[in-house]
Amino acid sequence: MATPADAAQILDIYAPFIKNTATSFEMEVPTVAQFAQRMAHYLAEAPWLICEEDQVIIGYAYASPHRGRAAYQWNREVSVYVHNHHYRKGIARLLYETLFELLSLQGYTNALAGIVQPNEASVRFHESLGFEKVGTYRNIGYKLGAWRDVAWYEKFLGEESAAIPTIQSMEQLMSSEAYAKIILSANVS
Ligand SMILES: CC(C)(COP(=O)(O)OP(=O)(O)OC[C@H]1O[C@@H](n2cnc3c(N)ncnc32)[C@H](O)[C@@H]1OP(=O)(O)O)[C@@H](O)C(=O)NCCC(=O)NCCS
């Protein structure tokens, strides 16, 4: 589990995507303090996971709120970034699978991902994790000299059931035995 103290290292991975690509619709790189604040905000409700090699962060995945109205509360938007020296080692898969297990334990039922087009790696990656395409917003953003489409993907995290889960807090999640077990077994060989 990340903490806001990891902001600088995470920003090292993320900032090039803000500056040089349309993968993120953010236009200006936030300061480390601003980014730490964002992390604390998201971490108050859901996991923000990091993958480390020799204590250096090489990838991360997090879950942010989808929309504010109460009936949307069981959804999270998810996102994953891996350092480009470490692609195709299964790191993003491990981060997402772990994130989904934890979100599901908390009672979240849907993961949603918006992918700025084109991004073949991300589309293939999300499809390989069982995401299904919902649709595409056309020309929904303008960055780096062009209008951009965003394709949305969804994944159901659990069985559909009549029982409506109460979302567990991060304190409840992190004090559970299941949490410790999931985190301890999350390794890339
Ligand atoms: C998309 C991204 C997160 C994938 O990370 P990764 O750690 O390389 O992915 P994994 O190794 O876990 O790949 C799992 C599966 O996803 C698919 N996949 C991943 N990258 C792919 C690529 N470039 N082309 C085709 N399929 C790909 C494959 O099915 C892969 O399984 P395989 O390697 O056994 O064939 C990574 O490319 C990245 O960080 N990109 C930049 C940031 C970004 O676009 N994030 C998503 C924002 S929506």
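**Core, hairpin and backbone oddities**

A40 lies in helix α2, which spans residues 32-43. In this predicted model, A40 comes out as partly exposed, because its relative accessibility is 37%. Going back along the chain from A40 to F17 takes 23 residues, and the C-alpha atoms of the two are 21 Å apart in space.

Next, the interior. The largest nonpolar core has 51 residues, and the ones with the most contacts inside it are W48, V78, Y96 and F100. Helix α3 (residues 91-106) gives the most to this core, chipping in eight residues. That sort of grouping fits a general habit: in soluble globular proteins, nonpolar side chains tend to be buried together. W48 keeps plenty of company: once its neighbours within four places in sequence are set aside, the contacts of W48 include M1, A2 and I10, along with F35, M39, Y42 and L43. Y60, A61 and Y62 are also in contact with W48.

Now for the strands. Strand β1 (residues 48-53) and strand β2 (residues 56-65) run antiparallel and are joined by six bridges. Within this pairing, L49 stands opposite A61 of β2. The two strands make a hairpin with two residues between them, and D54, in the turn, has a positive phi of about 50°. Q55 sits in the loop between β1 and β2, and its phi is also positive, near 65°, although Q55 is not a glycine. Q55 counts as exposed because its relative accessibility, 68%, is over the 50% cut-off.

A few other backbone spots deserve a look, since most residues other than glycine have a negative phi, and most peptide bonds are trans. The peptide bond from Q117 to P118 is cis, with omega near -10°. P118 belongs to the loop between β4 (110-116) and α4 (120-128). N139, for its part, is found in strand β5 and has a positive phi of about 45° without being a glycine. With a relative accessible area of 46%, N139 is partly exposed.

Finally, the surface. Strand β5 (residues 132-143) also holds I140, and I140 joins F25 and Y137 in making a nonpolar surface patch of about 300 Å². I140 is partly exposed because its relative accessible area is 47%, and that value clears the 30% a residue must exceed to be part of a patch.

Note on methods:
Residues numbered from 1 in each chain as written. Predicted model: local features only at pLDDT ≥ 70, side-chain atom pairs only at ≥ 80, totals over all residues. Heavy atoms only, no water. Patch = residues over 30% accessible without salt bridge, like charges linked within 9 Å, V, L, I, M, F, W, Y side chains within 5 Å. Areas by Shrake-Rupley, 256 points an atom, 1.4 Å probe, with all protein chains shown as cover. Salt bridge = Lys/Arg side-chain N within 4 Å of Asp/Glu carboxyl O. Helix = DSSP H or I, 4+ residues; strand = E, 2+ residues; numbered from the N terminus. Buried < 20%, exposed > 50% of the residue type's maximum accessible area, 1.4 Å probe, protein only. Core = buried A, V, L, I, M, F, W, Y, C linked by side-chain atoms within 4.5 Å. Contact = heavy atoms within 4.5 Å. Pairing = 2+ DSSP bridges.
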